[in-house]
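New notebook page, new structure. I'll jot down what I look up as I go.

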Amino acid sequence: MPPSISDARVPVATTVRPAATHPVDLRDVVKDYLTDAGAFRALDGVSLTVGAGEFIAVVGKSGCGKSTLLNMITGIDRPTAGEIWVAGTEVSRLSERTMAGWRGRNVGVIFQFFQLLPTLTVIENVLLPMDFEGSRSTRERHERAMYLLEQVEMVDQADKLPLSTSGGQQQRVAIARAMANDAPVLVADEPTGNLDSVTADAVFELFERLARSGKTVIMVTHDVELAARTDRVVHMADGRITDGPDQAGPHVG
Amino acid sequence: MSGSVRWRKVRGDLGQYRARTALVVASIAIGAFAVGTIAGTDALLRQNLNDGYAATRPAAASMYTATGFDRELVDVVRAMPGVDQAEGRRSVIVRLLGADGTAREMLLTALPDFADQRIDLVGPQAGRFPPRRSEVAFERSSLRLMDVAPGDTVRIRTPGGREYDLDVSGLAHEPGASPAFYFGRLNAYVTFETLRDLGWDDSFDELRIRVDDPTATRAEVRAIADDVRLRVERAGVSVTFALVPEPGQHPANDLLQSVFVVLGGIGLLSLVMSGFLVANTVSVIVAQQTRQIGLMKAVGGRDGQIAGIYLALVISYGLIALAIAIPAAALAAHGLASLAAGLLNFDVTQALIPLRIVAVQVAIGLLVPLVAAAVPVWRGVRMTVREAIRDSSGADHYGHGRMDALLARLHGLSRPALLSIRNTFRRKTRLVLTLVALALGGTVFMSVFTVRDSLYATLEDTVRYFNYDVQVELAEPARAATVTAEALRVPGVLVAEPWRFASAQRLRPDGTESASRVMFGLPPGATTVRPVIMEGRWLVPGEGNALVATANLLGDEPDLRVGDTVDLRIQGRETTWTLVGIAQSPTMAPFLYVGSDALERSLGDVGRVGIVMIGTSDHSAAGQARIGAAVRERLEAAGIGIAATTTTSDVTDTLFTLFDTLVLFISVMSVLLGVVGGLGLAGTMTMNVVERSREIGIIRAIGATDQAVLLIFLAEGLLIGFIAWLVGALLSLPVSWLLSTALGEAFVQRPLSFQVSWQGVLLWFMVVFWLSTIGSILPAWRAARITVREVLAYE
């Protein structure tokens with residue numbers, strides 16, 4: 001992975017300023033990478049707001065910057081310029097040390113390849129983020145984990161290892177894990193990319209339910225049919241959002 | 001793919017992964033070093049010991065007499081069939097008085113003609129040798145007991161109480177003699193003129209012979225020695241003891257052989273450990289390069305060509321390791337050989353390790369890693385391109401095995417703790433290899449402590465067996481009642497038991513005779529010996545010719561049974577005894593116990609004893625020495641000459657000195673093995689972090705802090721260390737039993753009294769805790785530094 005220009009930035013203490021009502025607010029975000037072939041601009045002044053309970057899809061060709069965009073929102077990567085506000089925190093100013101804890105509480109991340117820990121059972125995978133966050137008692141954690149597994153229809157597989165479950169089931173568990181700490185924002189990178197259409201549908205319905213319950217859901221996908229079913233589709237090309245004037249998105253009230 | 005490009009890859013891999021290269025090189029080097037050091041030390045000792053010993057023209061047989069004899073008898077013996085050379089000596093025990101008032105026993109030996117020595121040559125070491133009249137030359141091993149130099153003057157006191165000054169002319173070296181520090185007694189040489197000046201006559205009391213046939217077996221030598229003894233006794237000289245050692249071998253040869261069997265076992269263990277570590281590391285290297293292998297195959301690389309690259313890498317590791325191990329082993333072998341030579345009082349003159357040892361090291365340094373790497377390399381290159389390019393991190397396989405299923409049922413712990421535990425068992429082959437390496441070091445370490453404790457327990461058993469503190473040997477037999485009464489007057493003496501001593505040979509039914517055996521005649525109700533009866537019973541006061549033998553006699557007399565009649569020749573007289581019991585053997589030499597009254601009747605000599613066993617109130621080494629000296633003074637003042645006083649501390653201290661040197665060496669080796677095992681653990685943890693970097697990214701994505709990640713990996717490392725400790729502790733039981741049997745036979749000629757050392761087990765627990773912590777902390781820290789961006793962001 002090429003070094004990022006923003007790697008030179010020294011993180012400073014978090015400054016939480018009251019942001020807009022939007023759970024996700026990107027303002028003129030730029031991301032440049034240094035490669036042996038020269039500087040490469042992955043995001044070119046992207047601005048985007050996503051409201052609570054809004055379910056958006058980010059689409060675009062490979063290399064258009066959609067994964068980079070997601071990584072900015074989750075704090076996995078840092079912008080070269082601009083501001084990124086998520087759940088009321090300017091994410092780009094968090095230190096690496098505090099980032100993990102912040103992320104665990106505020107952002108649920110769902111990866112394309114499920115990324116369940118193979119040595120933990122289904123329920124243990126869901127419990128793990130709560131263990132890191134540490135605010136709930138043991139009993140509360142277990143109760144919540146079972147509740148979440150019920151929501152994703154995986155209660156019967158609670159004590160199984162990931163190896164004993166299908167791809168679709170693993171993705172459901174990944175969604176439950178992403179919800180473990182009741183994060184207000186969910187980010188999913190190609191969550192149905194490795195699933196058959198029936199399973200993909202079922203997973204998508206889960207996202208819809210979560211959005212209806214007030215979560216902000218941002219999904220990167222190649223599946224234009226699924227994208228069309230979301231509240232809003234954000235098109236990206238060459239590091240920019242190519243949608244029209246309403247790219248800032250409707251305010252969800 | 002051209003050869004030069006392949007070599008570039010090999011060089012590149014060596015340079016790029018320096019920590020891994022260092023680990024594999026260290027693993028190979030330790031095995032080659034251990035084997036080279038032990039084999040080299042053994043070779044140097046054998047070369048120098050036996051060759052050096054042979055150069056001194058060692059005696060084939062030695063006889064010690066109760067009455068003196070002259071040169072005429074020596075000439076007669078020299079002319080006997082089978083005898084090549086014969087020589088007489090005289091040895092007396094005096095006391096050397098220190099300036100601080102202390103006195104130390106000294107064995108003074110007079111040779112008939114220093115310029116024309118024929119047997120057991122004594123050579124010059126420093127200053128002037130041989131000494132002249134009124135001069136004395138010290139055997140060089142005496143310098144460990146006291147400082148003395150040519151030109152000094154020393155004062156001696158004879159058993160008769162007279163004192164004389166002798167000038168120290170120089171130092172001598174007698175390779176075949178027991179070193180002075182073994183028994184805490186100085187060794188020195190004087191002329192017969194000096195001996196006469198000190199009050200002795202110039203008769204001999206030792207006869208040493210060499211035989212015509214240099215290839216004669218021990219049995220053949222013994223037959224010649226028996227003829228010589230008979231001839232000597234016919235001349236009216238009483239032979240008290242005859243010694244026939246194994247021909248052509250230094251007396252310490254058996255001891256060294258046993259020790260080297262043990263060391264060889266440790267060398268082998270270190271080699272096995274080295275192999276496991278190499279296999280472990282190479283399998284990880286290959287696993288990490290799976291995609292590269294797939295790519296090489298995709299561009300036309302054949303299995304053999306690709307395997308050749310990795311085997312060339314392994315050979316490179318071996319060559320680097322040998323460049324370190326060969327010179328290091330040569331140095332260590334020379335150092336160890338010199339240390340052992342110092343303990344055995346001979347010199348290492350030929351210092352070059354035989355080439356065959358170097359060849360063995362080269363073979364080990366190249367073959368062991370090749371064999372260890374063969375399977376993982378072949379497995380790696382046999383993968384199809386599709387398999388190799390597809391990610392196969394092992395995550396796909398977790399959950400198949402029974403262990404995985406069992407661990408999945410583990411509940412009640414936090415998930416991070418469960419991660420640590422289950423990840424420990426994830427790569428089972430790698431875990432086993434790591435455990436074996438670490439456990440082997442622990443096994444050796446704990447075994448050494450157990451063997452040490454077992455030796456101490458054995459020596460304590462021996463001391464309990466002989467329930468005395470000081471043994472006083474009289475210069476001449478004296479009246480038992482007088483000796484006992486005088487000894488009991490000394491403050492601190494609680495018990496004074498007079499023992500008779502004689503030398504006896506068994507007259508076997510087939511007409512042959514045994515070697516001389518030590519026979520003790522004990523007073524009725526003796527308390528200074530507490531034998532452990534294995535069969536039959538102990539002596540009963542007042543019974544006739546009853547005999548109890550120690551169990552190690554049965555090795556040479558396997559036909560004997562309790563109840564048998566035994567014919568013995570005791571100082572020329574043929575007698576008959578009944579074997580009533582077999583007792584445990586406390587020392588390497590077999591003993592015969594009889595009642596002193598029965599022995600006196602057999603010898604026709606009543607009421608006189610040669611030994612007094614003293615029990616003191618103070619059992620410390622200093623107390624025994626102090627009271628023993630007081631008893632000597634008392635008896636000498638009463639006109640009873642004393643030949644020697646020996647405390648039990650003197651005897652046990654000598655064995656401790658010898659044994660502790662060996663224990664120290666083995667302990668150092670085992671710590672080295674442990675450190676390499678720790679390196680193996682560090683390597684394993686490093687590989688685990690690298691392989692699980694994506695999972696680390698996941699757990700950081702879901703909220704794990706640096707500390708949480710660090711603790712997960714640290715806990716895994718500590719768990720591996722704990723399991724290795726447990727396995728090592730369990731393995732150390734049979735291993736230490738084997739070691740204590742082997743070393744017991746070597747040092748005290750019987751298995752040691754086995755005693756597990758909990759101190760060793762605990763100490764190793766602490767060592768392995770620190771090794772595991774140090775071995776895991778850096779990989780764990782590295783894991784904690786991994787960011788999500790590094791491993792997940794751009795898949």
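**Before anything else.** I'm working with a predicted model here.

**Entry 1: an odd phi in a strand.** I started with strand S1 of chain A, residues 24-35, since Asp28(A) lies in it. I looked up the backbone there and found that Asp28(A) has a positive phi of about 50 degrees, although it is not a glycine.

**Entry 2: the loop between S4 and S5 in chain B.** Next I went to chain B, to the loop that sits between strand S4 (123-127) and strand S5 (135-139), where I found Pro130(B). Which form does the peptide bond from Phe129(B) to Pro130(B) take, cis or trans? I checked omega: the value is near 5 degrees, and the bond is cis.

Ser134(B) is in the loop between S4 and S5 as well. Here I noted another positive phi in a residue other than glycine, near 65 degrees for Ser134(B). I also wanted to know how covered this residue is. Its relative accessible area is 33%, and partly exposed means between 20% and 50%, so Ser134(B) counts as partly exposed.

**Entry 3: a sheet in chain A.** Back in chain A, I traced an open sheet of 6 strands, and I wrote down its order as S6-S7-S8-S3-S9-S10, with mixed pairing. Which strands are at the edges? They are S6 (107-110) and S10 (240-241), each pairing on one side only.

I then followed S6(A) to its partner. It runs parallel to S7(A), residues 185-189, and 4 bridges join the two. One pair I looked up by name: Val107(A) has Val185(A) in S7(A) as its bridge partner.

What lies across S3, S6, S7, S8 and S9 of chain A? I found helix H1, residues 66-74, running at about 150 degrees to S7(A).

**Entry 4: a nonpolar patch on chain B.** Last, I looked at the surface. A nonpolar patch there has about 1,200 Å² of accessible area together, and its residues include Phe722(B), Leu726(B), Trp737(B), Phe754(B), Met766(B) and Ile774(B). Two helices of chain B, H20 (706-747) and H21 (758-785), each supply at least two of its residues. Which helix gives the most? That is H20(B), with 6 residues.

I picked out one patch member for a closer look, Leu738(B), which is found in helix H20. The cut-off for exposed is over 50%. Leu738(B) has a relative accessible area of 55%, so I put it down as exposed.

Key
Residues numbered from 1 in each chain as written. Chains lettered and ligands numbered in written order. Predicted model: local features only at pLDDT ≥ 70, side-chain atom pairs only at ≥ 80, totals over all residues. Heavy atoms only, no water. Helix = DSSP H or I, 4+ residues; strand = E, 2+ residues; numbered from the N terminus. Buried < 20%, exposed > 50% of the residue type's maximum accessible area, 1.4 Å probe, protein only. Patch = residues over 30% accessible without salt bridge, like charges linked within 9 Å, V, L, I, M, F, W, Y side chains within 5 Å. Areas by Shrake-Rupley, 256 points an atom, 1.4 Å probe, with all protein chains shown as cover. Salt bridge = Lys/Arg side-chain N within 4 Å of Asp/Glu carboxyl O. Pairing = 2+ DSSP bridges. Contact = heavy atoms within 4.5 Å. Axes fitted to C-alpha atoms, helices over the stretch in contact; angles between N-to-C directions.
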